[in-house]
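Me: I have a structure here and some questions about its strands, cores and chain contacts. Can we go through them one by one?

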Amino acid sequence: MRRRRLGRFGLGFSTAIIACFLAATPILACGGLIGPNGAVNLLRTTTLAGYHDGVEHYVTAFQFAGGGGAFGSITPLPGIPTSVVKGGDWTLQRLIRETNPPAPQAEDALRAVAGSAVELMSVKIDALDLTVLKGGAADIGAWAKDHGFRLPPDAPEVLDFYAARSQIFLAAAFDADAAKNRGQQLGDGTPVHITIPTANPWVPLRILALGKLGGEPVQADVYLLTDRAPALLPVPNGANGIRLDHSADASASLLSDLRSDRGMDWVPSSAWLTKVAVDATAAQLGFDLAIDATGVGRPSAVDAGLALPGSITPAQPFELSRFLLALAFAGVGMVGIVLIGRSRPSAGRPIGW
Amino acid sequence: MPGRRRSIGLGLGLSIAVLSGLAANAVARSQDPIEISITIHYSHFEPTLIRVPAGRPITFVITNSDPIDHEWIVGDAATHERHRTGTEPVHDARPTEVTIAAGTVRRTTVTFATVGSEQYICHLPGHEAYGMVGTVVVTQ
């Protein structure tokens with residue numbers, strides 16, 4: 001049954017990984033990549049950030065695209081996850097199919113191509129060793145070094161950028177040799193589902209540019225599944241490197257398909273589907289994507305990485321009762337001034353009589 | 001009269017001794033290393049331009065404030081070309097080639113013999129392209 005469903009979504013899957021096949025190097029999805037010789041360049045990556053009942057569900061895939069040795073990635077997280085488990089088999093592919101319905105004539109062609117931080121949690125999923133780390137930039141740097149990884153030269157600044165907001169990172173070490181031994185084929189992805197209780201969901205975007213020079217392209221698809229239409233910061237306007245490709249009620253069939261995948265029973269019966277396409281240069285991606293799905297429409301500049309924590313005083317909402325109270329006090333004050341003026345002692349009267 | 005002559009001789013001798021001492025001290029001081037600090041932050045050197053006199057030992061105090069390792073390799077174009085394809089994981093044997101581990105300070109003393117300019121570069125993968133380059137101008 002599962003195989004049949006995967007086949008059903010195979011076309012979407014192939015579109016997601018087509019670019020990955022162009023390079024015979026291990027490719028990991030969503031997160032800055034680190035390796036013994038620096039960063040491995042990311043091509044296009046797909047991520048789902050679902051938010052429901054105060055919990056962010058972050059689903060991404062780590063792709064095996066050949067090569068050997070060990071490779072890794074670092075993904076900043078908005079909070080400490082309660083679980084890191086193998087993700088569903090078709091969630092990401094089904095999302096791609098929802099927003100990018102394949103043209104029938106293209107199907108055959110695509111098929112032909114597809115072919116020393118504190119360790120809070122450690123999980124092994126297939127050929128991936130996933131570790132949830134708590135620490136600042138120096139701690140993450142030391143951890144990476146201890147585990148044989150070398151961070152790219154922009155890592156110090158990028159890690160500081162994230163550690164100022166959340167010192168929780170997910171390190172994924174990918175053993176390509178183990179993947180080969182497991183019989184994983186080129187293009188086989190390992191989906192990972194991270195469950196993070198948080199009041200403020202955000203999606204790390206800047207990390208996608210880790211290891212890239214300013215002019216290099218960064219491309220990714222970010223799907224958001226929220227209870228209602230979210231407000232986003234920065235607003236995806238295309239000019240800033242992010243573009244709103246889809247924003248509509250999620251179809252019943254999509255929600256049903258997603259809910260039937262492994263670990264996806266949290267998907268509500270109704271939701272809003274948003275697709276944000278990242279099509280930027282590395283220099284443009286100096287921010288993350290802050291999400292306000294509460295309906296208030298006020299995504300956090302801090303969560304977007306546009307302001308430092310503590311640098312913003314949240315604007316107080318207008319309260320009529322306070323305004324009227326202030327008016328009343330002002331009125332009493334005015335009356336008092338008038339009364340004092342009338343009872344002023346006349347000139348020549350001795351003070352303190 | 002002979003006493004006066006002796007006094008003049010003594011004074012002259014003392015003056016010569018003092019002047020000789022001062023001169024020797026000045027010569028010795030001219031051979032003391034000049035200390036220059038270099039900071040590495042967010043994978044960039046600061047400063048990126050240094051002027052030093054030829055023939056005088058220069059002690060570079062290199063502070064790496066980053067959470068990743070860096071290199072400081074100074075030399076001519078041929079030196080850097082060799083390091084761009086080099087495989088030495090750590091540099092420790094030559095004063096012109098040092099590895100500065102994350103969050104540490106290294107001191108190294110170099111004497112530039114000839115007038116001209118040399119570059120100092122971190123040759124870890126991607127670091128030079130990221131901008132980890134500086135210049136030493138050697139003057140008379």
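Me: In which sense do strand 8 and strand 9 of chain A pair, parallel or antiparallel?
Reply: This is a predicted model. Strand 9 of chain A covers residues 168-175. T131(A) has A171(A) of strand 9 of chain A as its bridge partner. Seven bridges link strand 8 and strand 9 of chain A, and the sense is antiparallel.

Me: How many residues lie between strand 7 and strand 8 of chain A in their hairpin?
Reply: Strand 7 (residues 118-125) of chain A pairs with strand 8 of chain A over seven bridges, in the antiparallel sense. Along that pairing, K124(A) faces D129(A) in strand 8 of chain A. In the turn, D126(A) has a positive phi of about 55°. The number of residues between the two strands is two.

Me: How many of the seven residues of strand 8 of chain A are buried?
Reply: Strand 8 of chain A spans residues 128-134. A residue counts as buried with 20 or more other C-beta atoms within 10 Å of its own. Strand 8 of chain A is mostly covered, and its buried residues number five.

Me: Which strand gives the most to the largest nonpolar core?
Reply: That core has 77 residues. I140(A), V222(A), V278(A) and L289(A) have the most contacts inside it. V222(A), for one, touches residues including V203(A), V276(A) and L289(A). With seven residues, the top contributor is strand 9 of chain A.

Me: How many residues are in the second, separate core?
Reply: Its members include I40(B), W72(B), I121(B) and V138(B). V138(B) in strand 9 of chain B also stands opposite V52(B). The residue count of this second core is 19.

Me: Why is one side of strand 3 and of strand 6 of chain B left without a neighbour in the sheet?
Reply: The sheet is open, with five strands in the order 3-9-8-5-6 (chain B) and mixed pairing. Strand 3 (49-53) and strand 6 (97-100) of chain B stand at its edges. One side of each is left without a neighbour because each has a single partner strand.

Me: How many bridges join strand 3 of chain B to strand 9 of chain B?
Reply: Strand 9 of chain B covers residues 133-139. The two strands run parallel, and the number of bridges is five.

Me: Which element gives the largest share of the side of chain A that touches chain B?
Reply: Here 18 residues of chain A are in contact with 13 residues of chain B. The chain A side divides into eleven nonpolar, four polar and three charged residues. Helix 5 (137-146) and helix 6 (155-163) of chain A each give two or more residues. The largest share, six residues, comes from helix 5 of chain A.

Terms used
Residues are numbered from 1 along each chain as its sequence is written. Chains are lettered from A and ligands numbered from 1 in the order in which they are written. This is a predicted model: local features need pLDDT of at least 70, side-chain atom pairs count only at pLDDT 80 or more; totals for chains, interfaces and linings use all residues. Two strands pair if DSSP finds at least two bridges between them. Helices (H or I, at least four residues) and strands (E, at least two) are DSSP runs, numbered from the N terminus. Two residues are in contact if their C-beta atoms, placed from the backbone, lie within 7 Å. Ala, Val, Leu, Ile, Met, Phe, Trp, Tyr, Cys and Pro count as nonpolar, Asp, Glu, Lys and Arg as charged, and the others, Gly among them, as polar. A residue is buried if 20 or more other C-beta atoms lie within 10 Å of its own, exposed if 12 or fewer, and partly exposed in between; C-beta atoms are placed from the backbone. A nonpolar core is a set of buried Ala, Val, Leu, Ile, Met, Phe, Trp, Tyr and Cys residues joined through C-beta atoms within 7 Å. Lists of a residue's contacts leave out its neighbours within four places in sequence.
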